Amino acid sequence: LKGIRQEKAPQPYPRGIIETEWPLLDWLQSKNSILAKGTNDDEEDKLGFAGRGETWKRLRIFLQTDLLSPQAAAGYIPAMVKAANFASKVAPSSADALNAYANRCSFDLFNSLMFGQLTKTACIDTCEDEENNLQFCTSTAKGMDDLFMQMTSPAQVILFQLGIKTSMYKDMADSFDTVFLIAERRVQSFRQRSEANELTEDEKNSYLSRAIARQKEEKDNISETDLMELVKIALTAAIDTTSSVLKWNMMHLALNLDVQERLHAELGESTMKHGGLNAEVLRKVNVPYLYAVIRETHR
């Protein structure tokens, strides 16, 4: 609530963790990306989307429209349910590689929201467009690992301040180059199919379909390049953030079997009552213990 109130106040707007991710910011600036370069001379705007100025606000408002409101989120649940059902069925095949599995689950979930497509990447054996989708997941994970290892290494910090780009930095840059290239190709292909009226119903209901329509209406405010950069960073960030929450929840449930059983019973009862996994099942009034479990994990 403090963050929301501050967003409506004069600058600076709320700070984000990305401001501290100096290797990523340096790489984004080398690409001349609006994600790390502002559009005016204001001190708070110099980092663009990663900053706390008007560029951040302009891009943030566009990004979160059709994404964060309860009404918009509810519209994506059917597609996400398909991804969750598939991921659940194939989970045993990835029992020995939980980190990679959670990353692939997150990729499927966010793709269902962003593109309206179920890529089935949660299972390596059924992954569609394996070369791009699996590579996106593995490259994102590698890039994020190298990013945080640099941030927590005094030696890496000192070498960077001396103007030395280490092998770890270069590995990170290579990974993110791959990730952004794959994301760019996917967005371009989606836009072309949208303009040719070739999208499926699920794709028409996706976030990106709506965002493309809004971008055309607001082209003086948001360019095609701006939208492309926002989708790139959203896809990249979604894998790491969503998978982290998934893994912590699974770990805590595994360590607290009484909690796991109680949650399983609540979800089973709500699912039976409302005819399968759907938006109604996931309302807080129907599964209060699920919300309590997730909030405890956040804590």
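The protein chain of this predicted model holds 13 helices and zero strands. Read along the sequence, one helix therefore follows another in the pattern α-α-α-α-α-α-α-α-α-α-α-α-α, and the radius of gyration of the chain is 20 Å, close to the 19 Å that the globule rule gives for 299 residues, so the chain is as compact as a globular protein of that length. Along its principal axes, the C-alpha trace spans about 55 × 45 × 45 Å. Of the 299 residues in the chain, 43% are buried, and among the contacts between residues at least 6 apart in sequence, 59% join residues at least 24 apart.

**The nonpolar cores**

In soluble globular proteins, nonpolar side chains tend to be buried together. In this model the largest nonpolar core has 51 residues, of which Trp27, Met114, Phe136, Tyr207, Leu208 and Leu235 touch the most other members. Two or more residues of this core come from each of the elements α2 (22-30), α3 (54-64), α4 (70-90), α5 (98-114), α6, α8, α10 (207-217) and α11 (224-255), and α8 gives the most, with ten residues. Apart from this core lies another one, of seven residues, including Ala87, Tyr101, Cys105 and Ala122.

Trp27 of the largest core can be followed in more detail: leaving aside residues up to four places away in sequence, Trp27 touches Tyr169, Met172, Ala173, Phe176, Asp177 and Phe180.

**The second largest pocket**

Helix α8 appears again in the second largest pocket, where α8 gives the most to the lining, with six residues. The space in this pocket is about 200 Å³, and of the 14 residues that line the pocket, Gln117, Thr119, Asp129, Asn133 and Arg186 are the closest to its centre. Both α6 (130-151) and α8 (167-195) supply at least two residues of the lining. By kind, the lining residues divide into four nonpolar, five polar and five charged.

**Three residues compared by place and exposure**

The table sets out where three residues are placed and how much of each is accessible.

| Residue | Place | Relative accessibility | Class |
|---|---|---|---|
| Asn32 | loop between α2 and α3 | 56% | exposed |
| Arg60 | helix α3 | 30% | partly exposed |
| Asp66 | loop between α3 and α4 | 23% | partly exposed |

Which class does Asn32 belong to, with a relative accessible area of 56%? Exposed means over 50%, so Asn32, at 56%, counts as exposed. Partly exposed covers the range between under 20% and over 50%, and Arg60 at 30% relative accessibility therefore counts as partly exposed, as does Asp66 at 23%.

The two loop residues can also be described by their backbone angles. Phi of Asn32 is near 55 degrees, which is a positive value in a residue other than glycine, and phi of Asp66 is near 65 degrees, again a positive value in a residue other than glycine.

For Arg60, the contacts can be described as well. Not counting residues up to four places away in sequence, Arg60 touches Phe49 and Leu68. How far apart in space are Arg60 and Phe49, from C-alpha to C-alpha? Although they are eleven residues apart in sequence, their C-alpha atoms are 7.4 Å apart in space.

Definitions and conventions. Residues numbered from 1 in each chain as written. Predicted model: local features only at pLDDT ≥ 70, side-chain atom pairs only at ≥ 80, totals over all residues. Heavy atoms only, no water. 1 Å grid on protein atoms, 1.4 Å probe; cavity = no way out; pocket = protein on both sides within 12 Å on 5 of 7 lines; lining within 4 Å. Points joined across faces, edges and corners; volume = space filled by probe spheres on them. Helix = DSSP H or I, 4+ residues; strand = E, 2+ residues; numbered from the N terminus. Nonpolar A, V, L, I, M, F, W, Y, C, P; charged D, E, K, R; others polar. Core = buried A, V, L, I, M, F, W, Y, C linked by side-chain atoms within 4.5 Å. Buried < 20%, exposed > 50% of the residue type's maximum accessible area, 1.4 Å probe, protein only. Contact = heavy atoms within 4.5 Å. Rg over C-alpha atoms; globule rule 2.2 N^0.38 Å.
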